[in-house]
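Student: I would like a close look at a single part of this model, with its neighbours and the rest of the chain as context. Please take one sheet and go through it strand by strand.

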Amino acid sequence: MSDFWLYLESYTFLFESETSALILNTVSNQSCEIELNEVNRIIIQKLNNPTNVYCISLTESEFSNPEIGQFIYSLQRIFAGDVISQTISHKKPISLFPFINVKEDVKNILSKGPILGGEKLKMYVNEITIYLDSDCENHCESCSTGYKQTLFCRKGEGNLNPDQVIDFIEAFSNYHLNMINFIGGNVLNYPHLNRLITELWKYKKNIYIYINIRHINKFVEEMNTVNKLGCHVVILLNEIAMLKENTIELLNIAKNFRIIFIVTSISEKELVDHIVMTYNILDFEIVPFYLNNQDFFEEFVYLEREDILSMSHTMNSILRKKVLNEFDFGKLTVLADGSVFSNTNQNQLGRIGQPIHELLINEIEIGNSWFRIRSNKMCQGCIYQWLCPSPNNFEVMARKVNLCHIRHTDQICSSSNLGKFLE
Ligand code: SF4
Ligand code: SF4
């Protein structure tokens with residue numbers, strides 16, 4: 001009689017809920033779900049205990065148990081783990097238990113004190129969005145909420161001082177900042193845009209200019225100038241059905257750039273399909289937009305089990321989602337009135353003239369964006385908790401913590417805690 005080693009491969013993830021478990025091979029993306037019972041639950045919990053480093057000992061009688069045999073077969077079928085006799089290997093096979101701890105890293109940084117710690121935190125900032133101006137002669141219904149869901153133009157208050165913008169970006173010049181997004185109002189109407197682009201070019205960052213299609217007609221020359229300066233131009237297109245004929249014709253110009261279509265309904269989605277075909281648009285993205293359009297969201301945005309499992313899940317992507325928000329982490333937004341946010345649905349971090357380290361320490365200490373993970377009560381009991389995308393702005397807008405068809409409870413945020421995101 002000999003015992004056995006039951007082990008998981010180091011690229012395997014094992015998720016458990018109260019009633020079921022999901023085994024995922026992150027190399028092949030194959031997965032398998034099993035119902036939990038008294039016998040296999042104990043084995044799975046032991047395997048998921050970090051101190052066992054993905055390998056446990058099984059007695060001969062455990063190995064012969066049909067429930068455990070079924071679990072072993074499930075592992076073997078997707079090459080996620082196996083058993084070997086301890087007569088072959090006396091020593092426990094080593095399999096690395098997946099682990100990441102960015103928060104600990106951040107805590108170490110904070111222990112260096114606010115100024116030194118804040119300087120180190122700049123390393124994390126990789127994308128800055130700046131609303132240079134807030135003027136626009138249009139009246140889109142989605143203007144007041146669009147920018148809270150996705151990167152979108154907005155009317156508001158103020159115009160930023162270009163020297164302040166340059167100082168703000170220069171503070172990150174030696175760090176990992178990769179992307180600078182300039183947007184308005186009508187950013188082409190901002191008088192200092194060319195100066196900003198020219199002065200910031202030396203830092204070799206990717207500069208994106210976001211322009212609503214409604215602004216192109218009067219500013220074709222300006223748009224071509226920023227394009228020639230080496231910027232990436234992105235055209236925003238919202239409220240598609242309301243566009244006038246002469247604006248639609250501007251797609252002949254817009255199709256030379258990346259286009260982001262904002263859609264709120266099935267008919268708008270069909271219209272976009274038609275436009276893309278008619279104008280032969282190749283570089284585009286379709287972004288859903290929440291406008292109390294529950295039916296549309298349920299059909300096009302809510303996730304099904306198959307959607308989640310067909311996404312590509314790597315070891316890193318899963319571990320990242322356990323500790324940080326994949327949409328917000330490393331991002332800052334400055335509005336045209338000078339207010340700075342890590343997420344515009346959250347509290348303001350400070351103002352543009354303030355020392356950067358103060359803004360970043362505010363995000364780490366009191367903010368709730370960069371480290372907002374899928375830890376709400378609804379998702380905590382779900383085997384897809386760390387496979388689902390991080391919490392996003394659509395959930396905030398829809399006042400729901402899970403935009404999926406998998407777990408149904410009308411767990412609606414109350415308006416009082418909406419701004420804090422439901423946890
Ligand atoms: S074009 Fe943009 S800034 Fe102007 S009203 Fe519409 S959404 Fe607002
Ligand atoms: S959103 Fe939450 S409840 Fe829905 S599948 Fe994802 S983790 Fe599960």
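Tutor: What follows describes one three-stranded sheet and then sets it in the wider chain. The model is predicted, which applies to everything below.

The sheet is open, its strand order is 2-3-4, and the pairing is antiparallel. Strand 2 and strand 4 are its edges, each paired on one side only. Averaged over neighbouring strands and with direction ignored, the turn of one strand against the next is 15°.

Strand 2 covers residues 12-16 and runs antiparallel to strand 3, with five bridges joining the two. Within this pairing, L14 has I23 of strand 3 as its bridge partner, and F15 stands opposite L22 of strand 3. The connection from strand 2 to strand 3 is a hairpin of three residues.

On the other side, strand 3 pairs with strand 4 (residues 31-35), again in the antiparallel sense and over five bridges. I23 has C32 as its bridge partner in strand 4. I23 is thus a point where both pairings can be followed: it is the partner of L14 in strand 2 and of C32 in strand 4. In a regular strand, side chains alternate between the two faces of the sheet.

Strand 3 comprises residues 20-25, and five of its six residues are buried, so the strand is largely enclosed by the rest of the structure.

The hairpin between strand 3 and strand 4 has five residues between the strands. N29 sits in this loop. Its phi is near 65°, a positive value in a residue other than glycine. N29 has 14 C-beta neighbours inside 10 Å and therefore counts as partly exposed; the cut-off for a buried residue is 20 or more such neighbours, and that for an exposed one is 12 or fewer.

A helix also belongs to this picture. Helix 3 (residues 66-77) packs on the sheet and touches strand 3 and strand 4. The direction of helix 3 makes about 170° with that of strand 4.

The buried interior gives further context for strand 3. The largest nonpolar core has 59 residues, and the members touching the most other members are I130, L132, F182, V187, I211, L236 and L237. A second, separate core of 22 residues includes I23 and L24, along with A80 and L387. I23 and L24 fall within the residue range of strand 3. As for V187 in the largest core, its contacts, leaving aside residues up to four places away in sequence, are L132, D133, F182, L193, I209, Y210 and I211.

Another sheet of three strands can be set beside this one. It is open and antiparallel, with the order 5-1-6. Strand 5 and strand 6 (81-85) are the edge strands, each pairing on one side only. Neighbouring strands there are turned by 25° against each other on average, direction ignored. Strand 1 (residues 4-8) pairs with strand 6 in the antiparallel sense over five bridges, and Y7 has D82 as its bridge partner in strand 6.

The loop between helix 1 (38-47) and strand 5 (55-58) contains V53. V53 is not a glycine but has a positive phi of about 40°. With 17 other C-beta atoms within 10 Å, V53 is partly exposed.

Two ligands complete the surroundings. The shell of ligand 2 consists of L303, R374, M378, C379, C382, Y384, Q385, C388, N402, C404, I406 and R407. By class, that shell has eight nonpolar, two polar and two charged residues. Ligand 1 is surrounded by C136, N138, H139, C140, C143, G146, C153, R154, K155, G185, N212 and R214. Its shell has four nonpolar, five polar and three charged residues.

For the whole protein chain, there are 18 helices and 15 strands. The C-alpha trace spans about 85 × 55 × 40 Å along its principal axes. Buried residues are 32% of the 423 residues in the chain. Of the contacts between residues at least 6 apart in sequence, 72% join residues at least 24 apart.

Notes: Residues are numbered from 1 along each chain as its sequence is written. Chains are lettered from A and ligands numbered from 1 in the order in which they are written. This is a predicted model: local features need pLDDT of at least 70, side-chain atom pairs count only at pLDDT 80 or more; totals for chains, interfaces and linings use all residues. A residue is near a molecule or strand if its C-beta atom, placed from the backbone, lies within 6 Å of it. Ala, Val, Leu, Ile, Met, Phe, Trp, Tyr, Cys and Pro count as nonpolar, Asp, Glu, Lys and Arg as charged, and the others, Gly among them, as polar. A nonpolar core is a set of buried Ala, Val, Leu, Ile, Met, Phe, Trp, Tyr and Cys residues joined through C-beta atoms within 7 Å. Two residues are in contact if their C-beta atoms, placed from the backbone, lie within 7 Å. Helices (H or I, at least four residues) and strands (E, at least two) are DSSP runs, numbered from the N terminus. Two strands pair if DSSP finds at least two bridges between them. Axes are lines fitted to C-alpha atoms, for helices over the stretch in contact, and angles run from 0 to 180 degrees between N-to-C directions.
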